[in-house]
Amino acid sequence: SIVDNDRTLTIVKTGSGIGSVVASVGVPSTLPGGTIDNASFPQTFIYEQGDVVTLTATPDASPYPGSIFKSWSGDISDPAAVTTVSMDNNKVVIAFFAQQYWLRPFVPAPSTGSITPGTEVIVEHGTAYTFTIDATLPNYTIVADVLVDGGSVGSQTIPNSPAVESATYTFTNVTANHTLTAEFDDFGDDCSSAVRVGVPPFVSTRDGYIYPAGDLEYFQIDI
């Protein structure tokens, strides 16, 4: 009788990222593998029973900040970019690539506050990241507004902006590059003295309390 020793290896790509996979020749059969670029998934290669095949996943660096390789799944499970498959049966292997994105904080000159962290942050597709925004006390006491890609997100900060002294903003489910801009104000004179300021009533500050409640004017009393 005729024995069919052929075994198929099908390679599939998943995830938001871009990448390629190289399948080596089968060992010991020397049956050829090949390279699969991002547009060519899935592909199937034929090996012989008992062959060992080396798979190498390479994420693309473009568009910046590039993709990363996350893991193999299917008939193997391995987080390493280079792995091996034993062809003791027909196999399906899935390569998971994730796109990365940049988040860039910006405080317009003159600097009247800060964003932490203050430099570009790289995050993976679908993840979340939180920035902290602080006014430069005592001359600047208010986080006046926070903008993402030029549009106000003040209603989404914690606490909502305008906010006294500091606020946080969280990017959720990131699927694109973004800028984060913070604007600050003093809403009056130096709040280290008992002078009129324009912050909301009954809000605790570093030096005292704002009162009385009113529509137009609020006062700080040092304690």
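## Following the strands

Six bridges join strand 1, residues 6-14, to strand 4, residues 43-48. The two strands run antiparallel. One place to see this pairing is Leu9, which stands opposite Phe45 in strand 4. Keep in mind that this is a predicted model.

Strand 1 has another partner to look at. Six bridges also join strand 1 to strand 8, residues 91-106. This time the strands run parallel. Find Lys13 and look across to strand 8: Ala95 stands opposite. So strand 1 takes part in an antiparallel pairing with strand 4 and in a parallel pairing with strand 8.

Now step back to the whole protein. How many helices and strands does the protein have? There are zero helices and 19 strands. The chain has 223 residues, and 35% of them count as buried. The accessible surface comes to about 11,500 Å². Carbon and sulfur atoms account for 54% of that surface. Contacts tell us about the path of the chain. Take the contacts with a separation of 6 or more: 57% of them are between residues 24 or more positions apart.

Next, turn to an open sheet of four strands. Its order is 3-2-5-7, and the pairing is antiparallel. Which strands are at the edges? They are strand 3, residues 34-36, and strand 7, residues 82-86. Each of these edge strands pairs on one side only. From one strand to the next, the twist averages 20°.

Inside this sheet, follow strand 2, residues 19-23. Five bridges join strand 2 to strand 5, and these two run antiparallel. Gly19 gives a handy landmark: its bridge partner in strand 5 is Pro59. A general point helps when tracing any regular strand. Side chains there alternate between the two faces of the sheet.

Strand 5 covers residues 52-59, and Val52 belongs to it. Is Val52 buried, partly exposed or exposed? Its relative accessibility is 35%, so Val52 counts as partly exposed. Val52 also helps to build a patch on the surface. Together with Val25 and Val27, Val52 makes a nonpolar surface patch of about 220 Å².

After strand 5 comes a loop. Pro63 lies in this loop, between strand 5 and strand 6, residues 67-74. Look at the peptide bond that joins Ser62 and Pro63. The bond is cis, with omega about 0°.

A second open sheet has three strands. Their order is 9-11-15, and the pairing is antiparallel. Why does one side of strand 9 and of strand 15 lack a neighbour in the sheet? Strand 9, residues 113-116, and strand 15 stand at the edges with a single partner strand each, so one side of each is left without a neighbour in the sheet. The twist averages 20° from one strand to the next.

Look at the pairing of strand 9 with strand 11, residues 129-135. The two pair in the antiparallel sense over four bridges. Gly113 stands opposite Ala135 in strand 11.

Move further along the chain to strand 13, where Gly151 has its place. At 28% relative accessibility, Gly151 counts as partly exposed. Gly151 and Thr179 are 28 residues apart along the chain. Their C-alpha atoms are separated by 10.0 Å.

Another cis bond comes after strand 13. The peptide bond from Ile158 to Pro159 is cis, with omega near -10°. Pro159 sits in the loop between strand 13, residues 151-152, and strand 14, residues 163-164.

Two loop residues deserve a look for their backbone angles. Glu165 lies in the loop between strand 14 and strand 15, residues 166-171. Glu165 is not a glycine, yet its phi is positive, about 70°. Is Glu165 buried or exposed? The relative accessible area of Glu165 is 18%, so Glu165 is buried, since the cut-off for buried is under 20%.

Asn173 is in the loop between strand 15 and strand 16, residues 178-185. Asn173 is not a glycine either. Its phi is positive too, at about 50°.

Technical notes. Residues are numbered from 1 along each chain as its sequence is written. This is a predicted model: local features need pLDDT of at least 70, side-chain atom pairs count only at pLDDT 80 or more; totals for chains, interfaces and linings use all residues. Side-chain values use heavy atoms; hydrogens and water are left out. Patches are made of residues with over 30% relative accessible area and no salt bridge: like charges are joined within 9 Å, nonpolar side chains (Val, Leu, Ile, Met, Phe, Trp, Tyr) within 5 Å. Accessible areas come from the Shrake-Rupley method with a 1.4 Å probe; for residues, only the protein chains shown count as cover. A salt bridge is a side-chain nitrogen of Lys or Arg within 4 Å of a carboxyl oxygen of Asp or Glu. Buried means under 20% relative accessible area, exposed over 50%, partly exposed in between (1.4 Å probe, protein chains only). Two strands pair if DSSP finds at least two bridges between them. Axes are lines fitted to C-alpha atoms, for helices over the stretch in contact, and angles run from 0 to 180 degrees between N-to-C directions. Contact means heavy atoms within 4.5 Å.
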